[in-house]
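Reader: I am new to this structure and should like to understand the terms used to describe it. May I put some questions to you?

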Amino acid sequence: MSEYDIIIVGSGAAGLTAAIALAGHCRVLVLAKGDLNGGSTAWAQGGIAAVLDAGDTFENHIEDTMVAGAGLNRRETVEFVVENAPNAIERLVEMGVPFNKDAEALHLTREGGHSHRRIVHVDDATGWAVQAALLKTAEAHPNITLLPGQACIDLITGRHEARYSGSGRVWGVYALDEKSGKVHAHVGRATILASGGAGRVYQFSTAPRGATGDGIAMAWRAGARVSNMEMMQFHPTCLYNLDVKNFLITEAVRGEGGLLKHPVTGHRYMPDYDARAELAPRDVVARANDDQIKRSGLDYVHLDISHQDPDFVAGHFPNIYEKLLTLGIDMTKQPIPVVPAQHYTCGGILIDLDGRTDLPGLYAAGECTESGLHGANRLASNSLLECFVFGEAAAKHIIQSWDQLDAPPAIRPWDASRVTDSDEEVVIKQNWTEIRRFMWNYVGIVRTTKRLERARHRIDMMTHEVEDYYGHFRVTTDLIELRNLLQCAELIVRSALHRKESRGLHYTLDYPDLLPQAVDTVLVP
């Protein structure tokens with residue numbers, strides 16, 4: 001067993017921001033599944049939204065966020081995040097993030113749904129630069145221990161205390177050391193989940209391999225409420241390539257003039273769907289692309305920016321340009337084949353403005369949460385921003401309430417006495433593939449009650465099988481992830497069946513209209 005002051009699950013923007021903010025006050029352990037750069041932060045191409053332009057205001061950014069969120073956002077959360085954005089950017093500049101500049105000022109780009117230029121960026125690989133700066137700062141601090149290769153299984157709660165308590169108080173996590181195959185208890189006075197989204201529930205996703213909803217599933221099993229799990233964002237433009245999975249073509253390509261066209265007829269179709277054309281919010285563009293693909297039996301649609309000056313295109317999108325060249329596509333001369341793909345989990349563990357969950361001692365930040373910022377659809381480039389603001393908020397609340405946080409009691413070690421090594425790994429592979437396929441077909445961009453019920457029926461059957469398997473065999477990362485994916489799939493389907501309207505990202509043919517009042521879908525364990 002290892003004991004620290006604070007346990008943080010996840011080494012992306014939210015987890016590292018919290019760790020750095022806490023390190024001056026206490027000893028922090030950061031656990032990462034796989035390597036320390038394995039999360040979504042490093043993949044973020046677009047940038048970070050903040051009001052930094054003379055003609056822009058907090059009110060504008062708040063309004064844009066509320067409009068994209070289709071009224072489901074909590075206004076106090078939106079105000080809190082937007083007003084803290086410029087400070088978050090300032091701290092990143094101090095940490096050495098080399099944001100693009102225009103003369104002395106930061107260069108700002110514009111993305112779909114934003115009324116002003118307000119996205120700070122590092123070329124088209126902002127996330128990588130941010131991750132590198134955060135990691136460098138964290139590694140340099142003596143109070144931060146970074147431990148990669150740890151697959152977290154479950155939260156340690158009162159049930160795991162040596163003298164047993166039903167308090168629901170969280171004391172840390174049980175995690176599988178992927179190298180040794182042993183399960184260790186990591187305990188602390190408080191735990192922060194910063195474990196990312198559940199994107200890999202779907203067959204096509206821009207999320208990294210490890211985005212299996214671990215934090216959401218662990219919090220749910222421990223007794224925390226989750227909210228708005230049906231609000232799954234699909235990015236309209238993921239590269240269509242059978243060899244290269246989940247390569248995203250950033251929103252900014254459309255922001256700088258890229259047009260969507262039918263690959264056979266060459267017709268530019270976005271104006272047929274929405275007056276904002278290519279700059280409409282993501283859900284509108286993703287549904288239009290999905291409609292074109294299904295209606296014409298296509299494999300993909302075209303995103304074309306070849307009418308712009310070649311130097312401008314290559315200079316603005318150097319990483320995408322280079323990557324596409326290796327695949328035989330010159331974006332300055334020809335269109336890019338794209339498909340919609342799952343991109344962001346807008347729902348998650350319910351938290352307040354301090355990052356607190358329902359469970360004492362448990363905080364959460366970033367994509368695994370539902371803070372009220374995104375509502376029914378996330379506005380572009382608000383995601384990294386949420387990580388910085390809530391990572392900081394959770395750390396601040398922990399420091400303020402330090403005297404009320406008890407030292408952890410004696411915790412029972414993980415019991416592996418009744419399990420054996422599996423001789424049937426095929427069960428995991430089969431179920432993993434099946435979940436991702438039926439979730440894509442039945443719980444995708446456009447839904448119906450019948451399809452959702454089919455998905456629920458399959459989830460019920462698989463849950464028995466996976467629980468039986470989990471009870472008999474030694475845990476592996478694949479088994480842990482399968483169990484969490486299945487749990488998240490169940491939460492998504494249950495939430496989707498509960499919402500009897502079409503709002504934002506949840507679009508159902510059976511209830512195409514908007515109800516007069518926006519109400520969160522809150523599930524209670």
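Reader: Which residue takes a positive phi just after α3?

Author: In this predicted model, the residue is G96, whose phi is about 95°.

Reader: What makes α3 agree with the expected span of a helix?

Author: Helix α3 covers residues 75-94, and its 20 residues should span 28 Å at 1.5 Å a residue. The end C-alpha atoms are 30 Å apart, which agrees. A kink of about 40° nevertheless lies at A85 in α3, shortly before the proline P86. Both A85 and P86 are among the buried residues of α3, and what covers these buried residues includes α2 (58-68) and α4 (126-139).

Reader: Why is α5 called roughly perpendicular to α14?

Author: Helix α5 (residues 214-222) and helix α14 (residues 477-498) pack at an angle of about 75°. Angles of 65 to 115 degrees count as roughly perpendicular, so α5 is roughly perpendicular to α14. Residues in the contact include W220 of α5 and L491 of α14. By class, the contact has five nonpolar, two polar and five charged residues.

Reader: How do you know whether A103 is buried or exposed?

Author: The relative accessible area of A103 is 71%. Exposed means over 50%, so A103 is exposed. A103 lies in the loop between β5 (101-102) and β6, and has a positive phi of about 60° although it is not a glycine.

Reader: Why does A277 count as buried?

Author: The relative accessibility of A277 is 8%. Buried means under 20%, and therefore A277 counts as buried. A277 lies in the loop between α7 (270-273) and α8 (282-296), with a positive phi of about 50°.

Definitions and conventions
Residues numbered from 1 in each chain as written. Predicted model: local features only at pLDDT ≥ 70, side-chain atom pairs only at ≥ 80, totals over all residues. Heavy atoms only, no water. Axes fitted to C-alpha atoms, helices over the stretch in contact; angles between N-to-C directions. Helix = DSSP H or I, 4+ residues; strand = E, 2+ residues; numbered from the N terminus. Parallel < 35°, antiparallel > 145°, perpendicular 65-115°, else oblique. Contact = heavy atoms within 4.5 Å. Nonpolar A, V, L, I, M, F, W, Y, C, P; charged D, E, K, R; others polar. Expected span 1.5 Å × (residues − 1). Bend = angle between axes of the 7 residues up to and from the residue. Buried < 20%, exposed > 50% of the residue type's maximum accessible area, 1.4 Å probe, protein only.
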